[in-house]
Amino acid sequence: MKSPEKPVRKAPATGKECHPQRVVQPHKAALLKRLNRIEGQVRGIAGMIAQDRYCVDILTQVSAIQSALDAVSMQLLEDHTQGCVQSAIKSGRGEDAIGELMQVIGKFAR
């Protein structure tokens with residue numbers, strides 16, 4: 001049995017639709033550029049391990065990747081808050097959106 005679709009939310013600042021399965025990202029190009037760079041860094045680490053490089057050098061690169069992923073996460077979190085959450089609050093659906101936001105923030109606070 002197919003579950004009923006959740007309502008589509010419009011982000012007020014961007015006019016973009018916010019839907020649990022599909023959202024047009026306002027910073028899509030920048031996010032994809034960062035993720036492509038991260039992908040290259042991960043391949044670089046694999047190469048470093050294959051070449052038996054010094055552990056500290058590898059760990060330095062792992063740390064750089066973690067920082068880059070944190071930056072991607074923060075941008076997505078900001079976009080979600082300023083778009084979907086703000087829209088939900090204005091339309092009277094704020095409690096659910098804030099609850100969902102707090103769950104996501106909780107994942108990063110570990």
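Which helix does Ile98 lie in? Ile98 belongs to helix α3, and several of the points below come back to that helix. A word before we start: what you have in front of you is a predicted model.

1. **The overall layout.** The protein chain has three helices and three strands. Following the sequence, you meet them in the pattern β-β-β-α-α-α. Of the chain's 110 residues, 20% count as buried. The chain exposes about 8,200 Å², and carbon and sulfur atoms supply 57% of that area. If you look at contacts between residues at least 6 apart in sequence, 47% of them join residues at least 24 apart.

2. **Helix α3 as a rod.** Helix α3 covers residues 94-108. Its 15 residues reach 21 Å from the first C-alpha to the last, close to the 21 Å expected at 1.5 Å a residue.

3. **The buried side of α3.** Gly94, Ala97 and Leu101 are the buried residues of this helix. Looking down the axis of α3, you will find these buried residues within an arc of 70°, so they line one face of the helix. Their packing partner is α2 (55-90).

4. **The other side of α3.** Turn the helix around and you come to the face directed away from the buried side, which carries the exposed residues Glu95, Asp96, Met102, Gln103 and Lys107.

5. **Gly94 in detail.** Gly94 lies in α3 and has a relative accessible area of 9%; it counts as buried because that value is under the 20% cut-off. Setting aside neighbours within four places in sequence, Gly94 is in contact with Ala88 and Ile89. You may also like to find Cys84: its C-alpha atom is 9.7 Å from that of Gly94, and the two residues are 10 apart along the chain.

6. **Ile98 in detail.** Is Ile98 buried or exposed? The answer falls in between: Ile98 is partly exposed, with a relative accessible area of 38%. Apart from neighbours within four places in sequence, Ile98 is in contact with Val85 and Ile89. Val85 is 13 residues away along the chain, and the C-alpha atoms of Ile98 and Val85 are separated by 6.7 Å. Ile89 is worth a second look here, as it is in contact with Ile98 and also with Gly94.

7. **A nonpolar surface patch.** Ile98 also helps to form a nonpolar patch on the surface, together with Ile89, Met102 and Ile105. The patch has an area of about 340 Å². Helix α3 gives the largest share of the patch, three residues. Met102 has a place in this patch and is also among the exposed residues on the face of α3 turned away from its buried side.

8. **The salt bridge.** How many salt bridges does the structure hold? There is one, and it joins the side chains of Arg43 and Glu39, with 3.4 Å from N to O. Both residues sit in helix α1 (residues 28-50), and because they are four residues apart there, about one helical turn separates them. Arg43 counts as exposed, at 53% relative accessibility, whereas Glu39 is partly exposed, at 44%.

Key. Residues are numbered from 1 along each chain as its sequence is written. This is a predicted model: local features need pLDDT of at least 70, side-chain atom pairs count only at pLDDT 80 or more; totals for chains, interfaces and linings use all residues. Side-chain values use heavy atoms; hydrogens and water are left out. Patches are made of residues with over 30% relative accessible area and no salt bridge: like charges are joined within 9 Å, nonpolar side chains (Val, Leu, Ile, Met, Phe, Trp, Tyr) within 5 Å. Accessible areas come from the Shrake-Rupley method with a 1.4 Å probe; for residues, only the protein chains shown count as cover. A salt bridge is a side-chain nitrogen of Lys or Arg within 4 Å of a carboxyl oxygen of Asp or Glu. Helices (H or I, at least four residues) and strands (E, at least two) are DSSP runs, numbered from the N terminus. Buried means under 20% relative accessible area, exposed over 50%, partly exposed in between (1.4 Å probe, protein chains only). Contact means heavy atoms within 4.5 Å. The expected span of a helix is 1.5 Å times one less than its number of residues. The arc is that of the directions from the helix axis to the C-beta atoms.
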